[in-house]
Amino acid sequence: MPLSPLSSSLGLEPFQGTWTKQTTTHLLNRLLFGAKQSEIQYFLAKGLNASIDELLNPSAVIPAPPLNDYNTATVIDPAVPLGATWINHPTGDGTINSLRRTNFKKWLTGVLIHQDISIREKLTLFWANHFGTEADTISNANYVYHHHATLRTHSIGNFKTMVKAITIDPGMLRYLNGYLNTASAPDENYGRELQELFTVGKDNAVQYSESDVKAAARVLTGWRINASYMSYFDATRHDTGNKQFSSYYNNKVIAGKSGQAGATETDELIDMLFEKTDMAKYICRRLYRWFVYYYIDETVEKNIITPLAEIFKSTNFDIKPVLTALFKSAHFYDSVYIGCQIKSPIDHVIGTLRKTNVVFPNSISDYADAYLHFNNMTGQLTNLGQNLADPPNVAGWPAYYQSPEYHELWINADTLPKRNKFTDLMLETGYTRNGRKVSIQAIPFAQAISSNPADPNQLVKDLFELLISTEVDQSIKDNLKKQILLSGQTSDYYWTDAWNSYQSNQNTINFNLVNTRLKALIKYIMNLPDYQLS
Amino acid sequence: MKRRNFLRNSLAVLTPTVISGNPIHVLSNHSIVDPEVLAKVDNDRVLVIIQLNGGNDGLNTVLPIDQYGQYYSARTNIAIPEKKILTLNGFGATGLHPAMTSMQRLFNEGQLDVVQAVGYPQPNFSHFRATDIWMSGSDSNEYLNTGWAGRFLDSNYPDYPDNYPNEMDTDPLAIQIGSITSLTCQGPLVNMGMSISDPNSFYNLLDTTEQSVPNTNAGYELSFIRRISKQTNKYATRIKAASDAVTQQATYPNSSLANQLKIVSRLIKGGLKTKIYLVNYGGFDTHANQAVATDTATGTHANLLGAISEAIGAFQNDIKGQEIEDRVIGMTYSEFGRRIKSNASGGTDHGAAAPLFLFGKNVRGGVFGENPTIPSTVTVSDNIPYQHDFRTVYNSILKYWFCVKASDNLQIMLKEYPTLNLINASACAVEMNNPIFEKNSMIVAYPNPFSQQSRIEFKTEGGHTLVQLLDASGTVIKLLVDATYTYAGMNSTTLQGSDLNPGVYYIRIQNGMHQYVRTIIKM
């Protein structure tokens, strides 16, 4: 057993190995919320380059907006009837906003479950973690929705454009008090996090000073939110003095400007931050930790982070070229990284639902029931430690920054049993809301993912290949087959007969015979510690 | 691990074979302590750590009544009205926020320590970095991957988690209430703590710990998950039994902090030998609207402080009824305090030092240290300079509550720190000769204000003595004395200040039990 995390010495040179089911699954598990069997087959046939080109160029329309499912006899959103969207009807009403935020989370859970087959949703979640905002703090649901929409729009676009958009995004102005930041009373909140968390980072070598925080805050004075819930620049609140930065920023002075020109200081500030190679490296490290693994030693820094940062800078901070290089690299497919990520709660819950083809009511035509079920899954995520749109604080979830444990922070004596409980319940009873049940249908699932479910060896093999990323001893698989599918017997035909009998006569007895064994087998696989890895 | 086994065995060889008399007495006097003996004799002491996430506004928590005028003008829009401040028996200069009535009662019963202006030399204003510094016990420019409590537990249980639990050590070493894992309990190899949110509901996990893992990162993470799985299974029965054993508890208010403390009390009473419990309470990042403008004694911050005070009060009441109050102390902390001057949004921005609390029947009781000095003219970046290094608090808890030997303390804290008499002397049967509330006559500067240089006279009781100069942001900018004296008496040094901009500075001395801060003005 390795006593510490390992690193690969392979770099960004293109992966030359064979494109297999395993490499395909690895790529998809990292770019999607769990890879489905149909997706694995599709991208296996495409090969590496074509797969990446397709996955990094989202073509699906953006998800349809959230629909009002919260009007009741007593509480009615005056501007929005049931089944209509509220995203163009901002309100200051606290009760309505609270209902809308809950509605937003249900909707977002549905978006994740029904994600398009591209990197877009996972990357949007990456940015939502990077620019950590809390919906509860922002309070106004329209800000929450539009903040999220902005992240999705820019998710695989240009990072500099995204930082500019987020800096004056009403949700962010609200969250980090930018709207209160004035010449007479500068508020440092955004000026600090813009540097520490959003751009240059605060690693050892990054030596910007407290005076830089204050200077940045002064540059950013004057941004406000108007009565129509839009951001605007109020020159009367802007600090028109010169802003002196430290030697870390080459003693740059951002000259104070009056009138509307004061707003251009914000662009100058962002340009200054983007001059720092530290910024490019910091973002590349964050992407690496999200998509590959949390451990970055000198080798990875030299072979991966530094050249990725070069690509990032040379393309004026486009995100796609960086990710393309990473996902096509020999490094990414080194066996040392296969299956090494501890699943986030979202990976665990959404990944399980996707991989097992769980069917939900239609999120538009049957939105009321769909949202009830989405709500249940949002609750599962929160229960496992990942409250969607409400990370613990502005740094996002600790699993992506807290050394030395990083992803391991998702798993402890509290959350591990809860994870098992979730998959067990999905298999056993499922969840019923308003008379509609959502559960893992073991037999259709086996039929869909196994090339020959009548053969217990093939069935076990196919289930492991889809659900487990690590190498599991054949002896364990054999034992599972024997103990569960063959009820302790040694002859494979016991299972084959049972399966075939059910196929020819789907009565209750035949169904139970197959279903109970299959569920027990899937439950066991999902209870393996290995299932927590991706 | 091999190295540590060796250390442990070599210590065992050197340990006197006969340990007689009062084991606590033995502990505090023997030069070499076998970690196993330490664990055994000290097994019933518990520390509850309450983390206040977000950076608590210390200046509106513990109020400098003696400088009310300066206090008020520094933060008019959020200042607590003088007549609403809760007074503390025997300490007329200092008071508590009006919402903290239960903690006022504890103080007046001698069950609350107020430790003034706790911080460290180069304050960090990032929530995350500052939290790491507090949890690890590191310096600002030092990155430690272990927690201070993790190192303490590791020194006592160096083989953990191999062969744990066992006959002697049946219970988790530390418990974090909730679903998160804290750096505080991170040991050199593994986290020494276990997270639980509901002691009544456990779930059997597959036991696959015996299988080999591949030599990949997946193998590395797999062994981690298997370890958690094994730990969960093995400790689950004990935790559930402990929880079930307690059928009656005192009334607690309905807050997340109170709910967490209620679980802690139940587990301690139920018989767990767990030494450290971690709970947390969030919402202290009060950049805006921390008080109601028309009644500044109410609002967000008042609600937070009220919740802490009520929860701690209920906890103390409960553990008294459970007859376990002799064994339990608690400590609060937050990653930083906030600025002296409030902002125009009716809030306060990230600051430096802040007071912290220790509570319990066995704390010494009282206000430790002096009120911070509030300058008569405050600028937005002015901070409260640290008087007490936060590691002196940890060090004191280790030494006077867990009865850890000074030499072991050094291994845990990684540097030598003074201690404060925060705990009743009887807890570790130590003698505490030093008067704890000695009025500061240890350090004087003249001239003050000064223009070029000032002569600093200071008293040392011998041993390590530190004299520092801090600027108005609370950051150490000059080290004037860092020496070890073999004698007690007066000494002096000269502060060369021609390079300093005019303004408020602080000189700070740290020696033995003493940590003091004095204002010095550059003209």
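This passage walks through a predicted model of two chains, A and B, starting with chain B and ending with a few spots in chain A.

Chain B is a good place to begin. Its secondary structure adds up to 12 helices and 19 strands. Out of 523 residues in chain B, 54% count as buried. Contacts in this chain often bridge long stretches of sequence: looking at pairs with a separation of 6 or more, 72% of the contacts in chain B are between residues 24 or more positions apart. The domain assignment splits chain B into domain 1 (10–37), domain 2 (42–428) and domain 3 (443–522). Taken over C-alpha atoms, the centres of domain 2 and domain 3 of chain B are 31 Å from each other. These two domains do touch, with 24 residues of domain 2 of chain B in contact with 18 residues of domain 3 of chain B. On the domain 2 side of that contact there are 10 nonpolar, 11 polar and 3 charged residues.

Strand β10 of chain B, residues 354–359, makes a nice case of a covered strand, as 6 of its 6 residues are buried. In a regular strand, side chains alternate between the two faces of the sheet. Here both faces of β10(B) are covered, with A354(B), L356(B) and L358(B) buried on one side and P355(B), F357(B) and F359(B) buried on the other. As for partners, β10(B) runs antiparallel to β5 (residues 112–119) of chain B, joined by 5 bridges. One residue pair to look for is L112(B), whose bridge partner in β10(B) is F359(B). Strand β9 (residues 328–334) of chain B also runs antiparallel to β10(B), this time through 2 bridges. There, M331(B) has L358(B) of β10(B) as its bridge partner.

Further along chain B comes an open sheet of 4 strands, in the order β16-β15-β18-β19, with antiparallel pairing. Its edges are taken by β16 (476–485) and β19 (514–522) of chain B; each has a single partner strand, so one side of each has no neighbour in the sheet. Ignoring direction, neighbouring strands of this sheet are turned by 15° against each other on average. Within the sheet, β15 (residues 463–470) of chain B and β16(B) are antiparallel and joined by 8 bridges. Across this pairing, T465(B) sits opposite A483(B) in β16(B).

Another open sheet in chain B is built from 3 strands, ordered β2-β4-β3 and again paired antiparallel. Here β2 (62–64) and β3 (86–87) of chain B are the edge strands; each has a single partner strand, so one side of each is left without a neighbour in the sheet. The antiparallel pairing of β3(B) with β4 (residues 94–96) of chain B runs over 2 bridges. T87(B) is the residue standing opposite G95(B) in β4(B).

Next, the place where the chains meet. On the chain B side, 47 residues are in contact with 54 residues of chain A. Elements of chain B that each supply at least two residues to its side include α6 (127–136), β7 (193–196) and α8 (217–245). The largest share comes from α8(B), with 14 residues. Sorted by class, this side of chain B has 21 nonpolar, 22 polar and 4 charged residues.

Chain A is divided into domain 1 (176–275) and domain 2 (441–532), and the C-alpha centres of these two domains of chain A are 59 Å apart. Helix α19 (residues 442–449) of chain A has A442(A), F445(A), A446(A) and I449(A) as its buried residues. These cover an arc of only 100° around the axis, which puts them on the same side of α19(A). The face turned away from that buried side carries the exposed residues P444(A) and Q447(A). Covering the buried residues of α19(A) are, among others, α2 (37–46), α18 (415–428), α20 (456–467) and α23 (508–527) of chain A.

A last stop is A84(A), found in the loop between α3 (48–55) and α4 (94–113) of chain A. This residue counts as partly exposed because it has 15 C-beta neighbours inside 10 Å. Apart from neighbours within four places in sequence, A84(A) is in contact with L67(A) and N68(A). Although A84(A) and I364(A) are 280 residues apart along the chain, their C-alpha atoms are separated by 9.9 Å.

Notes
Residues are numbered from 1 along each chain as its sequence is written. Chains are lettered from A and ligands numbered from 1 in the order in which they are written. This is a predicted model: local features need pLDDT of at least 70, side-chain atom pairs count only at pLDDT 80 or more; totals for chains, interfaces and linings use all residues. Two strands pair if DSSP finds at least two bridges between them. Axes are lines fitted to C-alpha atoms, for helices over the stretch in contact, and angles run from 0 to 180 degrees between N-to-C directions. Domain bounds come from an automatic or database domain assignment. Two residues are in contact if their C-beta atoms, placed from the backbone, lie within 7 Å. Ala, Val, Leu, Ile, Met, Phe, Trp, Tyr, Cys and Pro count as nonpolar, Asp, Glu, Lys and Arg as charged, and the others, Gly among them, as polar. A residue is buried if 20 or more other C-beta atoms lie within 10 Å of its own, exposed if 12 or fewer, and partly exposed in between; C-beta atoms are placed from the backbone. The arc is that of the directions from the helix axis to the C-beta atoms.
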